[in-house]
Amino acid sequence: MVSPVPRLVIAAPSSGSGKTTVATGLMAALSARGFAVSPHKVGPDYIDPGYHSLATGRVGRNLDAYLCGPELVAPLFAHGAGGCDIAVVEGVMGLYDGAAGEGELASTAQVAKLLRAPVVLVVDASSQSRSVAALVHGFVSWDPEVRVGGVILNKVASDRHEELLREALDSVGVPVMGVLRRAAQVETPSRHLGLVPVAERGALAVEAVSAMAAQVAAGCDLSALVALARSAGALEGAGWDAGEALVSPPPPPLPSPAPGAVPPDPPSALDGPVVALAGGAAFTFSYAEHAELLSAAGAEVVTFDPLRDEELPERTAGLVIGGGFPEVYAAELSANDQLRKTVAALAESGAPVAAECAGLLYLCRELDGLPMCGVLDASARMSERLTLGYRDAVAVSDSALAGAGTRMRGHEFHRTVVEPGAGDAPAWGVRAPERRVEGFVQRGVHASYLHTHWASEPGVARRFVERCRTS
């Protein structure tokens with residue numbers, strides 16, 4: 001039985017209602033009052049957790065029932081929330097919106113039920129008065145297993161508007177736990193894939209989070225929200241652990257030493273291969289569990305910034321390049337000619353390289369006409385079309401990341417095109433939205449548009465580190 005960490009899910013009827021403002025502001029406001037706050041985000045999004053981390057000083061973690069399976073949601077939550085006083089979980093889209101055609105799968109509502117957590121519904125009240133009662137009543141009654149314990153009214157115009165809204169909601173029986181006026185200073189800028197990440201905004205992001213915290217603290221009943229969080233039910237089972245995940249199934253036993261022989265010392269992290277992990281403003285998309293799994297598998301994980309560092313970390317034996325916005329920083333990435341050559345040489349040597357989305361673009365010959373690493377004989381460019389959605393995938397070719405036939409779930413999220421879309425040895429066969437192959441496997445390189453969550457298949461981290469040891 002896991003100790004019941006008090007927890008809340010911040011949800012909304014639809015996107016754009018103010019979930020991120022309320023969730024991030026609440027995290028920051030509670031942190032300012034001395035709470036150790038564990039931040040979480042429903043779904044695959046990488047950007048909101050960056051703001052959560054800034055608000056709490058802790059790693060923002062995703063809870064995605066599609067990528068990882070419903071059975072891992074509570075263990076991953078418990079892993080992240082260990083030792084905290086309270087957890088705040090920001091939802092995705094509307095409360096009951098999930099993976100297309102999959103019912104409630106990956107919805108905020110499903111995650112709330114899996115966590116046995118009460119929901120606070122953030123309602124954009126800017127264009128309604130009495131109708132708010134019908135809206136809230138519908139969300140409260142739609143699924144009796146989802147407990148909507150409170151409402152926060154957002155974008156309220158005036159004291160009179162607030163009075164009308166409160167009168168209407170009296171009949172629903174759900175308490176109003178906050179009322180927020182419009183406040184331009186808490187708005188965060190967006191571009192082609194959503195909010196601009198924290199790593200790119202610096203002091204402006206700090207100011208925005210501080211403004212969110214001040215607005216939530218002034219407009220919400222923090223004591224009532226904490227009391228609601230403490231009403232969450234207990235969770236059964238142990239928290240997820242990277243080391244335990246890697247030994248299931250257990251590795252074969254080591255051979256017994258010869259009589260009289262001194263057994264070798266077990267390997268330590270210092271003996272492990274160095275895995276360089278791309279970071280910085282151009283590569284901000286990464287799940288914390290990936291680095292944790294690599295470390296548990298025996299690697300020494302060292303972060304570097306392709307915008308600033310001209311060399312890979314010393315003793316680099318493998319390279320992981322996640323997602324981000326290389327298209328925004330194409331000129332700077334291209335100008336770092338020394339690092340591009342170093343990455344190309346590492347890939348040419350056969351060392352394991354795992355690249356997702358932004359990493360794929362960086363390994364191409366060019367991006368929007370600017371030279372990149374040239375590891376892949378492919379070119380990348382910006383596109384008007386947004387490619388977005390969950391994917392079921394199977395590994396087509398043996399690689400440093402996965403053996404052929406390995407099945408994983410992932411998601412795509414980009415406005416770029418790579419031509420050709422697949423190499424002679426593709427990385428994945430994808431079933432939806434249409435059957436196709438995509439990505440590249442060559443030497444030790446596995447490059448693809450597909451974002452995956454390695455907690456769903458820990459063996460990929462173990463395989464990657466093993467290849468780093470032997471390549």
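Two cavities of 30 Å³ or more are counted in this predicted model, a cavity being a set of points, on a 1 Å grid over the protein atoms alone, where a 1.4 Å probe fits but cannot get out. The model is a prediction in which local features need pLDDT of at least 70 and side-chain atom pairs count only at pLDDT 80 or more, whereas totals for chains, interfaces and linings use all residues. Residues are numbered from 1 along each chain as its sequence is written, and side-chain values use heavy atoms, with hydrogens and water left out.

The largest cavity has a volume of about 160 Å³, where a volume is the space filled by probe spheres set on the grid points, which are joined across faces, edges and corners. Its lining, defined as the residues with an atom within 4 Å of a point, is made up of 19 residues, and His-290, Val-320, Gly-322, Glu-356 and Trp-454 lie nearest the centre. Two or more lining residues are given by each of strand E12 (316-321), strand E13 (353-356) and strand E21 (445-448), and the largest share, 3 residues, comes from E13. Strands (E, at least two residues) and helices (H or I, at least four) are DSSP runs, numbered from the N terminus. By class, the lining of the largest cavity divides into 12 nonpolar, 6 polar and 1 charged residues; here Ala, Val, Leu, Ile, Met, Phe, Trp, Tyr, Cys and Pro count as nonpolar, Asp, Glu, Lys and Arg as charged, and the others, Gly among them, as polar.

A pocket, in contrast to a cavity, is an open set of points with protein on both sides within 12 Å along at least five of seven lines. The second largest pocket holds about 490 Å³ of space and is lined by 22 residues, with Tyr-46, Gly-50, Phe-283, Thr-284 and Ser-286 nearest its centre. At least two lining residues are supplied by each of helix H2 (47-56), helix H7 (198-201), strand E10 (274-278) and helix H11 (288-296), and H2 gives the most, with 4 residues. The lining of this pocket comprises 13 nonpolar and 9 polar residues, and no charged ones.

In soluble globular proteins, nonpolar side chains tend to be buried together. The largest nonpolar core, that is, a set of buried Ala, Val, Leu, Ile, Met, Phe, Trp, Tyr and Cys residues joined through side-chain atoms within 4.5 Å, has 113 residues, and those with the most contacts inside it are Leu-26, Leu-115, Leu-153, Leu-294, Trp-454 and Phe-464. Helix H1 (residues 19-32) contributes the largest share of this core, 7 residues. Apart from it lies another core, of 38 residues, including Ala-276, Ala-278, Leu-319 and Tyr-362.

With neighbours within four places in sequence left aside, Leu-294 is in contact (heavy atoms within 4.5 Å) with Val-275, Ala-299, Val-301, Val-320, Trp-454, Ala-461, Phe-464 and Val-465. Of these partners, Ala-461 is found in helix H15 (residues 459-470) and counts as buried because its relative accessibility is 0%, buried meaning under 20% relative accessible area, exposed over 50% and partly exposed in between (1.4 Å probe, protein chains only). On the same footing as for Leu-294, leaving aside neighbours within four places in sequence, the contacts of Ala-461 are Leu-246, Leu-293, Leu-294, Ala-297 and Trp-454.

A search of the whole structure finds 0 disulfides, a disulfide being a pair of cysteine sulfur atoms within 2.5 Å. The sulfur of Cys-373 is 9.6 Å from the closest cysteine sulfur, in Cys-364, and is therefore too far for a bond. Cys-373 counts as buried, at 8% relative accessibility, and Cys-220 is likewise buried, with a relative accessible area of 9%.

Most residues other than glycine have a negative phi, and most peptide bonds are trans. The peptide bond from Glu-419 to Pro-420, however, is cis, with omega near -5 degrees, and Pro-420 has its place in the loop between strand E17 (407-419) and strand E18 (428-430). Lys-155, which is not a glycine, has a positive phi of about 60 degrees; Lys-155 lies in strand E6 (residues 148-156) and is partly exposed, with a relative accessible area of 29%. Asp-368 also has a positive phi, near 50 degrees, and lies in the loop between strand E14 (366-367) and strand E15 (370-371), where Asp-368 counts as partly exposed at 37% relative accessibility.
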